[in-house]
Every structure is written in structure tokens, then in C-alpha cells.
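Work through the exercises below with the sequence and the model side by side, and try each task before reading its solution.

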Amino acid sequence: QVQLVESGGGLVKPGGSLTLTCTASRSIFERYGMEWFRQAPGQQRDWVARIRTDFATDYADSVKDRFTISRDNVGRTVSLRMNSLKPEDTAVYFCHIYGSSTWGQGTQVTVSS
């Protein structure tokens, strides 16, 4: 079974940037779309972005024009570049294989002054 490991979370001030990375335990990216979700305390897990096998991307309205999802099939990674961060972006961010039940363990992002 494929395992996903997220990294890159942390504390950042409003307006700052972070890049999250999700690494797969074996090569699967070229066959699947990959997604990022996030979950704030006491809230449901929300979809953030998706990158398909043809590298086409989709974003939630709340992050459009601020976040960029990318993938490296050779390196087995999918990244989420987050710019102009806001306090409401604070959440645990999860990596997910599109259409599957496979999730990473999550990485905390806190946006606070």
C-alpha cells in the first residue's frame, strides 16, 4: 500500500508564504490525480486543490490566485505553494490520492502574527 508523508508546515505571519510537500512511498503519481485538503479545528475537511495526470489544476475559490499545486512524478512528490497567507488558512493540510482512501498524516499550518 502506498504511504503519503506531508512536510513543510509551520508558523507563518499573515502575508507570508509556505510550501508543503507530499512524498509517496513508491511511484504512483503518473497514474493518479493528487489533491490537497485542509481541516481547521472543529471543522470538516475541505478540498483545496487538485492536479491531474495531465498536470491540469483546479483550486477552491478561497485559495485561487494564492496557492499553486505542482507535481514531480520522478521525485514522487506533489507540492502546494501557499502565498499571501491569511489567518483563516490555519489548518492541518492533508495530501490525498484522487478517488482513493489513501491520505497522509497531515501537516499543521498556522498563520498568526
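**Exercise 1. Describe the surroundings of strand β4 and identify the strands that pair with it.**

Solution. In this predicted model, begin with burial: strand β4 spans residues 34-39 and is mostly covered, with 5 of its 6 residues buried. Next, follow the pairing to strand β5 (residues 45-51), which runs antiparallel to β4 and is joined to it by 6 bridges; within this pairing, E35 stands opposite R50. The two strands form a hairpin with 5 residues between them, and G42 in the turn has a positive phi of about 75°. Finally, turn to strand β9 (residues 91-97), which pairs with β4 in the antiparallel sense over 6 bridges, and there F37 of β4 stands opposite F94.

**Exercise 2. Classify the aromatic pairs that involve W103, and state how covered each partner is.**

Solution. A search of the whole structure finds 2 aromatic pairs. For F37 and W103, the ring centres are 4.9 Å apart and the planes lie at 65°, so this pair is edge-to-face, the cut-off being over 60 degrees. This pair links distant parts of the chain, since F37 lies in strand β4 and W103 in the loop between β9 and β10, 66 residues apart. F37 is buried because its relative accessible area is 14%, under the 20% limit, whereas W103, at 31%, is partly exposed. For F94 and W103, the centres are 6.4 Å apart and the planes lie at 85°, so this pair is also edge-to-face; F94 is buried at 8%. Ring pairs thus link F37, F94 and W103 into a cluster.

**Exercise 3. Find which charged end sits over the ring of W103.**

Solution. The charged end of R45 sits there, 4.7 Å from the ring centre.

Technical notes
Residues are numbered from 1 along each chain as its sequence is written. This is a predicted model: local features need pLDDT of at least 70, side-chain atom pairs count only at pLDDT 80 or more; totals for chains, interfaces and linings use all residues. Side-chain values use heavy atoms; hydrogens and water are left out. Buried means under 20% relative accessible area, exposed over 50%, partly exposed in between (1.4 Å probe, protein chains only). Helices (H or I, at least four residues) and strands (E, at least two) are DSSP runs, numbered from the N terminus. Two strands pair if DSSP finds at least two bridges between them. Rings of Phe, Tyr and Trp (its six-membered ring) pair if their centres lie within 6.5 Å; planes under 30 degrees apart count as stacked, over 60 as edge-to-face and the rest as tilted. A charge sits over a ring if NZ of Lys or CZ of Arg is within 6 Å of the ring centre and within 35 degrees of the ring normal.
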